[in-house]
Every structure is written in C-alpha cells, then in structure tokens.
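Thanks for coming, everyone. Let's take a short walk through one model. Have a look at the screen first.

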Amino acid sequence: MADFKYEIVEHIGVISESAKGWTKELNKISWNGGTPKYDIREWAPEHEKMGKGVTLTEEEASELKSLL
C-alpha cells in the first residue's frame, strides 16, 4: 500500500465509543496536503490507527445535512 499523509485540521466531535476504546469521530482532515474534507471514521485511542471511513466535500456534507 502506498504511503499517505493526513492531518486532522479540526476535531469536530465524537459520535460514539466502542468497548475497546475506539471512537467514531467527525473531523476535518487534509489528506496528502489537499483541501480539508469532512471525515467520519473510527480511530484508536491515540489516533495511531484508523478504520475505514467516508470523506465528504463541503457540498456533500451540506447535502447530507439537508437529507438528515
């Protein structure tokens, strides 16, 4: 797998926490130095590991908000 870089630009909040301490979070993340996007995924306690997630642009996040 190719290396990639990420930076959590803004921690928005925790959605839930598992019994093992992983948290499902909403953050704004810059992937490989790109424009920050909204990101929902599970994280290990110190953000050293991550699970699969979904990344949304501003427009997609706005549309999701209107759907909810």
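**A walk along the strands**

Start with Asn-27, which sits in strand S2. A word of caution before we go on: this is a predicted model. Now, is Asn-27 buried or exposed? Asn-27 counts as buried, because its relative accessibility is 0% and the cut-off for buried is under 20%. What does its side chain meet? The side chain of Asn-27 makes a polar contact of 3.0 Å with that of Glu-25. Then look past the neighbours within four places in sequence. Asn-27 is in contact with Ile-8, Glu-10, His-11 and Ile-12 on one stretch of sequence, and the list also includes Lys-37, Tyr-38, Asp-39 and Trp-43.

Let's step back to the whole chain. How many helices and strands does it have? There is one helix, and there are four strands. Read along the sequence, the order is β-β-β-β-α. The chain has 68 residues, and 21% of them count as buried. The C-alpha trace spans about 35 × 30 × 20 Å along its principal axes. The accessible surface is about 5200 Å², and carbon and sulfur atoms hold 53% of that.

Now the contacts across the chain. Take those between residues at least 6 apart in sequence: 19% of them join residues at least 24 apart. And the charges? There are 9 positive and 13 negative ones, and their mean positions are 5 Å apart.

Next, the pairing. Strand S1 covers residues 6-17, and nine bridges join S1 to S2. The two run antiparallel. One pair to find on the screen: Glu-7 has Ser-30 as its bridge partner in S2. S1 and S2 form a hairpin, with five residues between them. In that turn, Gly-21 has a positive phi of about 95 degrees.

On to the other hairpin. Strand S3, residues 37-43, pairs with S4 over five bridges, in the antiparallel sense. Which residue in S4 is the bridge partner of Asp-39? The partner is Thr-55. S3 and S4 form a hairpin with six residues between them.

In the turn of that hairpin we meet His-47. Its phi is near 60 degrees, a positive value in a residue other than glycine. Most residues other than glycine have a negative phi. His-47 lies in the loop between S3 and S4. With a relative accessible area of 27%, His-47 is partly exposed.

Asn-32 gives us another positive phi, about 50 degrees, and Asn-32 is not a glycine either. Where is Asn-32? Look in the loop between S2 and S3. Asn-32 is exposed, because its relative accessible area is 54% and exposed means over 50%.

Back to S2 for two more residues. First, Thr-23. Strand S2 covers residues 23-31, and Thr-23 is in it. Thr-23 is buried, at a relative accessible area of 11%. Its side chain makes a polar contact of 2.7 Å with the side chain of Glu-25. So Glu-25 turns up again: we met Glu-25 with Asn-27 as well, because a 3.0 Å polar contact joins those side chains. Beyond its neighbours within four places in sequence, Thr-23 is in contact with Val-14, Ser-16, Glu-17, Arg-41, Glu-42 and Trp-43.

Second, Ile-29, also found in strand S2. Ile-29 is buried, with a relative accessible area of 0%. Leaving out neighbours within four places, its contacts include Tyr-6, Glu-7, Ile-8 and Val-9. They also include Thr-35, Pro-36, Lys-37, Asp-39 and Trp-43. Now try a distance. Ile-29 and Thr-55 are 26 residues apart in sequence, yet 8.7 Å apart in space, C-alpha to C-alpha.

Last stop, Lys-52. Lys-52 lies in strand S4, which covers residues 50-56. Buried or exposed, then, for Lys-52? Lys-52 counts as exposed, at 82% relative accessibility. Its contacts, leaving aside neighbours within four places in sequence, are with Arg-41 and Glu-42. Pro-36 is 16 residues from Lys-52 in sequence and 17 Å from it in space, C-alpha to C-alpha.

That's the walk. Over to you for questions.

Terms used
Residues numbered from 1 in each chain as written. Predicted model: local features only at pLDDT ≥ 70, side-chain atom pairs only at ≥ 80, totals over all residues. Heavy atoms only, no water. Buried < 20%, exposed > 50% of the residue type's maximum accessible area, 1.4 Å probe, protein only. Polar contact = N/O pair within 3.5 Å; in protein donor to acceptor, adjacent residues only side chain to side chain. Contact = heavy atoms within 4.5 Å. Areas by Shrake-Rupley, 256 points an atom, 1.4 Å probe, with all protein chains shown as cover. Lys, Arg positive; Asp, Glu negative; His and termini not counted. Charge placed at Lys NZ, Arg CZ, Asp CG, Glu CD. Pairing = 2+ DSSP bridges.
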